[in-house]
Amino acid sequence: MPLIILTGLPTSGKSTRAKQLHDYLAERIPGTKYRLHLISDDSLSISRSVYDLSTVPVHTRSANASEKDARAAIYGAVKRVLSDKDIVILDGLNYIKGWRYQLHCEAKAVRTPSCILQIGCSKERAQQVNEDRLKRSQATADEEGADTTGDTAEPYEPANWENLVFRHEEPNPMTRWDSPLFTIIWEDDDEQVKKTFDSLWEAVAGDGRKIIRPNQATEPRGRDASGDYLYMLDRETQDIVKRILDQQGDDGGGEVRVSLSGGKKELVVELPARKIGLPELQRHRRAFMGLNRGGIGLEKVTNMAADSLRESFVNYLNNAFENE
Ligand SMILES: Nc1ncnc2c1ncn2[C@@H]1O[C@H](COP(=O)(O)OP(=O)(O)OP(=O)(O)O)[C@@H](O)[C@H]1O
């Protein structure tokens, strides 16, 4: 299995469900090949304040160093244990789609499935949980009595909480990296939760699980920390779009060859049997750039050069055209 990525608003009940899933799987795995791991901000001692952009100057907001460091730590922790024999529950906000894409690629690279467990909760209820936490932590600071609720987790500063809600990118089950998608809502009772966990198990560890084959598109890649990464991302993808427009046949279809620097290797884009126009290619390019734009903090994990970017975009396009 297996990487199970939780996602949801801050204070929406993610850890509660992650623990329930952990208990459920702990009962299911004896006698199977699986080992079980639960990774979360708390298990890695990551404070909720790392997500706080309010202390970062506006012009550098996309580059919040502490959040990037936190992501690198989470990524490293997942990578260390993830295999086809290890079930990893990743409890966290996981609110950026590009981040979920990278995790999906990481799983695929070790030939194991990934899935998303979305925790649904209204904004108002989640906010109430955070406000209660804030009050309790204030009362503890003022020594006004011990906490009796059992929820001793750290609250988010209100502006940080609001900002995280604003930045949250809902999973989209139409994309490879956000599927299969399972959803549990706050109100779900034990029976409903068990049903969802049963389906999740079936999809990623049961007989119905897909065979995962790694391909170059899903091999995880980092960013070129030294160069101007965004410039390179733009330039290389533009160049491939141009080659496709130049080389495709009059009626479309066929193969387009894209060489890597120094002619070391040639990549092939397999086009569908129809003419592809600039708007469609630009749409794919923008989607790819959206997924690979900086700011998800994996610079320290690997190094991504122009060649691997080109390779990655070619594979992305081949995946996109594959089903036609
Ligand atoms: N479905 C639920 N029904 C009732 N109470 C719940 C439910 N889910 C969570 N809670 C309560 O809400 C509080 C916050 O839950 P939890 O810590 O799971 O949220 P979280 O999303 O993991 O928070 P954070 O974003 O800080 O990691 C806890 O007191 C928990 O007991």
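Helix α1 (residues 14-28) contributes the most to the shell around the ligand, with three residues. Helices (H or I, at least four residues) and strands (E, at least two) are DSSP runs, numbered from the N terminus. The structure is a predicted model, in which local features need pLDDT of at least 70 and side-chain atom pairs count only at pLDDT 80 or more, while totals for chains, interfaces and linings use all residues. Residues are numbered from 1 along each chain as its sequence is written.

The ligand is surrounded by Gly8, Pro10, Thr11, Ser12, Gly13, Lys14, Ser15, Thr16, Val129, Asp151, Ala153 and Trp186; a residue is near a molecule if its C-beta atom, placed from the backbone, lies within 6 Å of it. By class, the shell comprises four nonpolar, six polar and two charged residues. In this division Ala, Val, Leu, Ile, Met, Phe, Trp, Tyr, Cys and Pro count as nonpolar, Asp, Glu, Lys and Arg as charged, and the others, Gly among them, as polar.

Ser12, one of the residues around the ligand, is located in the loop between β1 and α1. Ser12 is classed as buried because 27 other C-beta atoms lie within 10 Å; the class requires 20 or more such atoms, whereas 12 or fewer define an exposed residue and the values in between a partly exposed one, with C-beta atoms placed from the backbone. When residues up to four places away in sequence are not counted, Ser12 touches Ile119, Cys121 and Ala126, contact being defined by C-beta atoms, placed from the backbone, within 7 Å. Ser12 and Gln128 are separated by 116 residues in sequence and by 9.7 Å in space, C-alpha to C-alpha.

The protein chain contains nine helices and seven strands. Of its 324 residues, 33% count as buried. Among contacts in the chain with a separation of 6 or more, 78% involve residues 24 or more positions apart.

Five strands form an open sheet in the order β2-β3-β1-β4-β5, with parallel pairing; two strands pair if DSSP finds at least two bridges between them. The edges are occupied by β2 (35-40) and β5 (181-185), each of which has a single partner strand, so one side of each lacks a neighbour in the sheet. On average, neighbouring strands are turned by 20° against each other, direction ignored; the axes are lines fitted to C-alpha atoms, for helices over the stretch in contact, and angles run from 0 to 180 degrees between N-to-C directions.

Strand β1 is mostly covered, six of its six residues being buried. In a regular strand the side chains alternate between the two faces of the sheet. In β1, Leu3, Ile5 and Thr7 on one side and Ile4, Leu6 and Gly8 on the other are all buried, so that both faces are covered. Six bridges join β1 to the parallel strand β4, where Leu117 stands opposite Leu6. The parallel pairing of β1 with β3 extends over three bridges. Within β3, Leu90 is the bridge partner of Ile5, and Ile89 stands opposite Ile4. Strand β3 also pairs in the parallel sense with β2, over six bridges, and Leu90 of β3 stands opposite Ile39. Five of the six residues of β3 are buried.

The largest nonpolar core has 34 residues, and those with the most contacts inside it are Leu3, Ile4, Val78, Val88, Leu90 and Leu117. A nonpolar core is a set of buried Ala, Val, Leu, Ile, Met, Phe, Trp, Tyr and Cys residues joined through C-beta atoms within 7 Å. At least two residues of this core are supplied by each of β1 (3-8), α1, α2 (65-81), β3 (86-91), α3 (97-109), β4 (114-120), α4 (123-141) and α6 (190-204). Leu3 touches Val78, Leu82, Val88, Leu90, Leu103, Ala107, Thr112 and Ser114, residues up to four places away in sequence not being counted. Apart from the largest core lies another, of 17 residues, among them Leu233, Phe288, Leu309 and Tyr316.

Arg111 lies in the loop between α3 and β4. This residue is exposed, as 12 other C-beta atoms lie within 10 Å. Arg111 and Arg243 are 132 residues apart in sequence and 32 Å apart in space, C-alpha to C-alpha.

Definitions and conventions:
Contact = placed C-beta atoms within 7 Å.
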